[in-house]
Amino acid sequence: MTATPTNRTRRAHRAGAALTALGLTALAAAPAAAAQAPAPATAQAAKSPLKWGACPAGSEAPRGTYCTRIKVPLDYAKPNGRQIALTLSSVGDAHAKRTLVVNPGGPGESGIGTAKLVWSSLPPELGELYNVVSFDPRGVGTSTPVGCGDAGKLVKHPAPAYTPADAKAERARLDLSKKVADKCAAASKTLLPHITTANAARDMDRIRAALGRDKLDYLGYSYGSRLGATYATLFPQRTGRMVLDSIVDPGLTGYRTAYEQNTAMQKRARQFFAWTAKYDSTYHLGKTASKVGAAWEDARKRLRAKPAGGRAGIAELDDLLASVMYTDLQWGDLASAVAGYRRGDTGALLSAVNQLADSPAGYVNAAQLAYNCVDDAWPRDWRTWRKDTVASARKAPLFAWLNTWYSAPCAFWKAPTAKPVKIGATGAKKLPPILLLQAADDPATPLSGARRMRQALAGSRLVVAGGGNHGQFLFDANPCMDRHATRYLSTGKLPAKDATCKASPAPTP
């Protein structure tokens, strides 16, 4: 788990192979246009110098994706100074009338594969109208990445419990957080001050210009909503059709947002326990949510005393629970794994833990920390963190300390805090109409944040769906939400007023 609403996607990725950079399973919609090497649309040909070809080695770009690179200033205060490279990916009709630029969330998640994922899921009318472009943001993947050396190897498995048993355990975790911050500074000292959402938004305006587009059409999920809202604030006259999905709260720092998120995650866990109880004939973990919760606590205690396979302990089980809060599509897998463990079969549990723990970065995502620790101010006095976490743990015992430890390196970060961009503060320039999509019980980006974004972005419209799946348009199989987004992207017209949609059906075992 993490301290900002979108960082938890990293754990959702590792929890199951079916999870994408959105933390969701993509729909298999069939767009009308066939993938081909993209080129500027005819009317834009004279404006765009981009040449598209093979994607960089190691980018894991899916077949049918083409890539290019552009240069942007590392420091926009020195536009003629050091330049860094951004990698862009594109999929779709080379002569599409419009280009949809997409960010999958994060921060710190690669976007190279997102163009194919989104384009292949678009309804036919949008597949004909748009080609889709995504990118690795600065500091990420193949776009001049930041690193933290071997910090990811500092956590061994089974990891110690997130809730410290005593002062010694707390100090050990705190020392680990300081080491991570030190290693990140040593590996990426010159980059860290410039890995900010505001700079990523400025990069998007360079991408818009490189694509030969007068305005930026944009789809941003989770953290991508913060990035998109920042772009609209900085460049309102260059903002085209913009959909922000699963909204980051624009009024709270990452530190403060974490504590709202903890409570939302705990509520979502209760929903997961209730769902599991409904199918007790399959999982045998209890016929009520409280009994499933008790079975869960029993598994945590047993794993703390004796980790399964010498590797899956209480911290690893807590990680898995946090990872599946994003989408109920993964609930059955985790319930089955815990049910199997209680029967003495640890295979599924160990497999899930190995996926979660064995990524190349280990338990440190350098780019996520780089964005989070610089975008907002974080307390430097650990007593503040402890006081707030103890209070949060009374309401969210499964998540409070887990979340705190993921972001604790920000208490020791060795780069100055960036100047904040107040979302919606465009001066005399009018914001364009923006569509906001949100699930009512989304645990990663709570509904309260979406409502604040609605207030900040004058003239926007908010559509709220029931349920709690993180990421609505294209990826939650909710026809109502998809209709709202498709109509807006097709015509540029917002709903006449804010709207609601029913939840998509819950999964069955």
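This passage describes the architecture, nonpolar cores, aromatic pairs and local backbone features of a predicted model.

The chain is assigned 17 helices and 9 strands, and 61% of its 509 residues are buried. Among the contacts in the chain with a separation of 6 or more, 78% are made by residues 24 or more positions apart.

Nonpolar side chains tend to be buried together in soluble globular proteins. In the model, the largest nonpolar core contains 115 residues, of which Leu 88, Leu 244, Phe 272, Met 325, Leu 349, Trp 413 and Leu 457 touch the most other members. The element that gives the most to this core is helix H7, spanning residues 254-278, with 8 residues. For Leu 457, when residues up to four places away in sequence are not counted, the contacts comprise Ala 229, Leu 244, Ile 423, Gly 424, Leu 431, Ile 434 and Leu 436; Leu 244 is thus found in this list and also among the core members that touch the most others. A second core of 30 residues is separate from the largest one, and its members include Val 91, Leu 129, Val 243 and Ala 485.

Helix H7 also carries aromatic residues. The model contains 17 aromatic pairs, one of which is formed by Tyr 255 and Tyr 259 in an edge-to-face arrangement, with 5.2 Å from centre to centre and 75 degrees between the planes. The two tyrosines are 4 residues apart in helix H7, so about one helical turn separates Tyr 255 from Tyr 259. Tyr 255 and Tyr 259 are both buried, and they belong to an aromatic cluster that also contains Trp 378, Trp 382, Trp 385, Trp 401 and Trp 405.

Phe 273 is a further residue of helix H7, and with a relative accessible area of 8% it is buried. Setting aside residues up to four places away in sequence, Phe 273 touches Ala 289, Val 292, Gly 293, Trp 296 and Leu 398. Of these contacts, Trp 296 is 23 residues from Phe 273 along the chain, and the C-alpha atoms of the two residues are separated by 8.8 Å.

The packing of two helices is described by the angle between their axes and the distance between the axes. Helix H10, which covers residues 314-324, packs against helix H12, which covers residues 347-357, at an angle of about 80 degrees and with the axes 10 Å apart. Because angles of 65 to 115 degrees are counted as roughly perpendicular, H10 is roughly perpendicular to H12. On the H10 side the contact is made by Glu 316, Leu 317, Asp 319 and Leu 320, which meet Leu 349, Ala 352, Val 353 and Leu 356 of H12. These residues divide into 6 nonpolar and 2 charged, with no polar residue in the contact. Leu 349, a participant from H12, is also one of the residues that touch the most other members of the largest nonpolar core.

Pro 409 lies in the loop between helix H15, residues 400-407, and strand E7, residues 434-439. Although situated in a loop, Pro 409 is buried, with a relative accessible area of 4%. Its contacts, not counting residues up to four places away in sequence, are Ser 177, Val 180, Ala 181, Leu 369 and Cys 373. The C-alpha atoms of Pro 409 and Cys 373 are separated by 8.0 Å, the two residues being 36 residues apart along the chain.

Several local features of the backbone are found in loops. The peptide bond from Gly 106 to Pro 107 is cis, with omega near -5 degrees, and Pro 107 is located in the loop between strand E3 (98-103) and helix H2 (114-119). His 157 and Pro 158 are likewise joined by a cis peptide bond, for which omega is about 5 degrees; Pro 158 lies in the loop between strand E4 (130-135) and helix H4 (167-188). The loop between E4 and H4 also holds Thr 144, a residue other than glycine whose phi is positive, at about 45 degrees. Thr 144 is buried, with a relative accessible area of 19%, a value set against a cut-off of under 20%. Ala 477, which is also not a glycine, has a positive phi near 50 degrees and is found in the loop between strand E8 (461-465) and helix H17 (479-491). With a relative accessibility of 45%, Ala 477 counts as partly exposed.

Conventions:
Residues numbered from 1 in each chain as written. Predicted model: local features only at pLDDT ≥ 70, side-chain atom pairs only at ≥ 80, totals over all residues. Heavy atoms only, no water. Axes fitted to C-alpha atoms, helices over the stretch in contact; angles between N-to-C directions. Parallel < 35°, antiparallel > 145°, perpendicular 65-115°, else oblique. Contact = heavy atoms within 4.5 Å. Nonpolar A, V, L, I, M, F, W, Y, C, P; charged D, E, K, R; others polar. Core = buried A, V, L, I, M, F, W, Y, C linked by side-chain atoms within 4.5 Å. Buried < 20%, exposed > 50% of the residue type's maximum accessible area, 1.4 Å probe, protein only. Phe/Tyr/Trp six-rings, centres within 6.5 Å; stacked < 30°, edge-to-face > 60°.
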